[in-house]
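Student: Hey, I've just opened this one and I don't know my way around yet. Can we walk through it together?
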Amino acid sequence: MDSRGKSGMVLLSGNSHPALTEEIANHLGVAVGACEVTHNTNRETIVDIKESVRGKDVYILQTAASNVNDIIMELLIMAYACKTSNCKDIIGVLPCLPYSQQTKMKRRGNISLKLLADMCVAAGFTHIITVDLHSKESQGFFSCRMDNLRASTFFLQYIEENIPNFANTVIVAKSPISARRATSLADRLRVGIAVLHGECKDDEREDDDGRASPPLNEDQAPVQTRIYTIGSPLPPLTAKEKPPIYVVGEVAGRIAILVDDILDDVKTMVSAARVLKESGAVKVYVMATHGILSNDAPRLVEESEIDEVIVTNTVPLENQKLLTHKIRTVDISILIAEAIRRIHNKESMSHLFRNVTGID
């Protein structure tokens with residue numbers, strides 16, 4: 001990075017992924033700022049920024065690793081500490097955005113990502129950088145500027161360089177809903193696509209909108225202000241029946257690559273890999289941007305028909321790699337570093353989105 005960028009920038013790291021921060025700092029040619037984030041005996045977060053940030057652009061890196069709620073509090077308190085120290089701008093670098101999957105109203109719940117977005121802005125963030133949002137429409141929750149980077153080009157490069165005879169691959173969508181992402185990748189590789197159908201969709205329950213509210217208790221005393229009937233009943237709805245999981249498309253004798261954005265609970269992927277192998281697939285790869293792989297996911301991967309799991313380094317995976325040898329990591333630190341450089345030098349970001357479609 002040129003001397004213009006070094007003078008007015010401070011790159012700080014939370015406790016979630018210091019290794020990624022170091023890699024980004026090496027690409028930028030800067031040192032990671034001096035900041036200490038600790039916890040009190042009752043788990044209160046204490047932040048001590050040990051260098052001046054007055055009048056500077058501060059970049060705070062934090063990602064959704066384990067103990068995500070502690071990570072969020074660290075992020076907010078670090079931002080507020082910089083804000084009260086009279087920095088110029090605060091840019092949050094959140095490669096894996098916490099609560100990014102909580103973007104739909106379910107029954108009497110809430111959209112948690114909207115709350116997180118409001119807290120980030122209130123803490124002082126003026127810009128957010130993230131990678132492969134689970135739902136791109138959720139950018140509208142943030143009232144500050146936001147850049148959603150794409151990791152698809154890194155996956156394309158990995159496939160071409162590390163999967164033998166990649167022309168014999170077939171990109172597999174884990175559900176009809178995710179077929180667009182798989183189609184985009186398949187079109188660039190000029191290979192076929194297959195879709196899995198019949199898997200459990202836990203996020204599409206019919207009663208999520210309140211239709212499962214309990215009926216009136218017949219023993220309950222009538223209330224004059226309440227209307228109990230409006231005439232003939234509504235027509236009944238036919239219950240959904242999930243068919244056994246099956247493959248739509250040809251996978252026999254080919255290398256199957258399952259694609260997704262977040263890989264955490266791998267039970268669906270394990271079942272999908274088994275079905276693909278039974279359908280004649282030679283090998284099964286699973287490819288996802290964010291490999292959270294919490295709880296017993298590494299053990300399930302190790303014992304499954306999955307041959308390899310390919311994820312980026314947006315989330316630290318040192319502990320998971322101790323439990324399975326199937327995890328491969330794609331380094332995207334240079335993508336985040338280039339985004340930081342362009343934002344700091346007020347250059348166009350369009351170069352980072354060349355040949356990237358809205359589906360990616």
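Student: Okay, what covers the buried residues of H6?
Tutor: Keep in mind that this is a predicted model. The cover over the buried residues of H6 includes helix H5 along with strands S8, S9 and S11.

Student: And which residues of H6 are buried?
Tutor: They are Ala-179, Ala-182, Ser-184, Leu-185, Ala-186 and Leu-189.

Student: What comes after H6?
Tutor: Arg-190 follows H6, and its phi is positive, near 60 degrees.

Student: Let me zoom out. How many helices and strands does the protein chain have?
Tutor: There are 10 helices and 14 strands in the protein chain. The chain has 360 residues, and buried ones make up 47% of them.

Student: What about contacts between residues far apart in sequence?
Tutor: Take the contacts in the protein chain with a separation of 6 or more: 67% of them are between residues 24 or more positions apart.

Student: New topic, holes. How many cavities of 30 Å³ or more are there in the whole structure?
Tutor: A search of the whole structure turns up one. The volume of this largest cavity is about 160 Å³.

Student: Which residues lie nearest the centre of the largest cavity?
Tutor: Those are Ser-152, Phe-155, Arg-181, Leu-185 and Val-259, out of 13 residues that line the largest cavity. The elements giving two or more residues to that lining are helices H5 and H6 and strands S11 and S12.

Student: Which one gives the largest share?
Tutor: H6 does, with three residues. Leu-185 has come up twice now: it is among the buried residues of H6, and it is also one of the residues nearest the cavity's centre.

Student: How does the lining split into nonpolar, polar and charged?
Tutor: Five of the lining residues are nonpolar, three are polar and five are charged.

Student: Let's hop to H7. How many residues does H7 have, and how far does it reach?
Tutor: H7 runs over residues 267-278, so to speak a stretch of 12 residues, and reaches 17 Å from its first C-alpha to its last. That is close to the 16 Å expected at 1.5 Å a residue.

Student: Which residues of H7 are buried?
Tutor: Met-269, Val-270, Ala-272, Ala-273, Val-275 and Leu-276 are. Their cover includes strands S8, S9, S10, S11 and S12, as well as helix H8.

Student: What about just after H7?
Tutor: Gly-280 follows H7, with a positive phi near 105 degrees. In the loop between H7 and S12 you'll also find Val-282.

Student: Is Val-282 buried, exposed or partly exposed?
Tutor: Val-282 is partly exposed, with a relative accessible area of 49%.

Student: What does Val-282 touch?
Tutor: Leaving out residues up to four places away in sequence, Val-282 touches Gly-253, Arg-254 and Lys-277. Val-282 and Ile-255 are 27 residues apart in sequence, yet their C-alphas are 5.4 Å apart in space.

Student: Last thing, how many disulfides are there?
Tutor: Zero.

Student: Why is Cys-87 not bonded to Cys-82?
Tutor: The closest cysteine sulfur to that of Cys-87 is in Cys-82, and at 5.3 Å it is too far for a bond. Cys-87 is buried, with a relative accessible area of 14%.

Student: And where is the nearest cysteine sulfur to Cys-144?
Tutor: It belongs to Cys-120 and is 7.3 Å away, and Cys-144 is in no disulfide. Cys-144 is buried too, at a relative accessible area of 13%.

Key. Residues are numbered from 1 along each chain as its sequence is written. This is a predicted model: local features need pLDDT of at least 70, side-chain atom pairs count only at pLDDT 80 or more; totals for chains, interfaces and linings use all residues. Side-chain values use heavy atoms; hydrogens and water are left out. Helices (H or I, at least four residues) and strands (E, at least two) are DSSP runs, numbered from the N terminus. The expected span of a helix is 1.5 Å times one less than its number of residues. Buried means under 20% relative accessible area, exposed over 50%, partly exposed in between (1.4 Å probe, protein chains only). Contact means heavy atoms within 4.5 Å. On a 1 Å grid over the protein atoms alone, a cavity is a set of points where a 1.4 Å probe fits but cannot get out, and a pocket is an open set with protein on both sides within 12 Å along at least five of seven lines; lining residues have an atom within 4 Å of a point. Grid points are joined across faces, edges and corners, and a volume is the space filled by probe spheres set on the points. Ala, Val, Leu, Ile, Met, Phe, Trp, Tyr, Cys and Pro count as nonpolar, Asp, Glu, Lys and Arg as charged, and the others, Gly among them, as polar. A disulfide is a pair of cysteine sulfur atoms within 2.5 Å.
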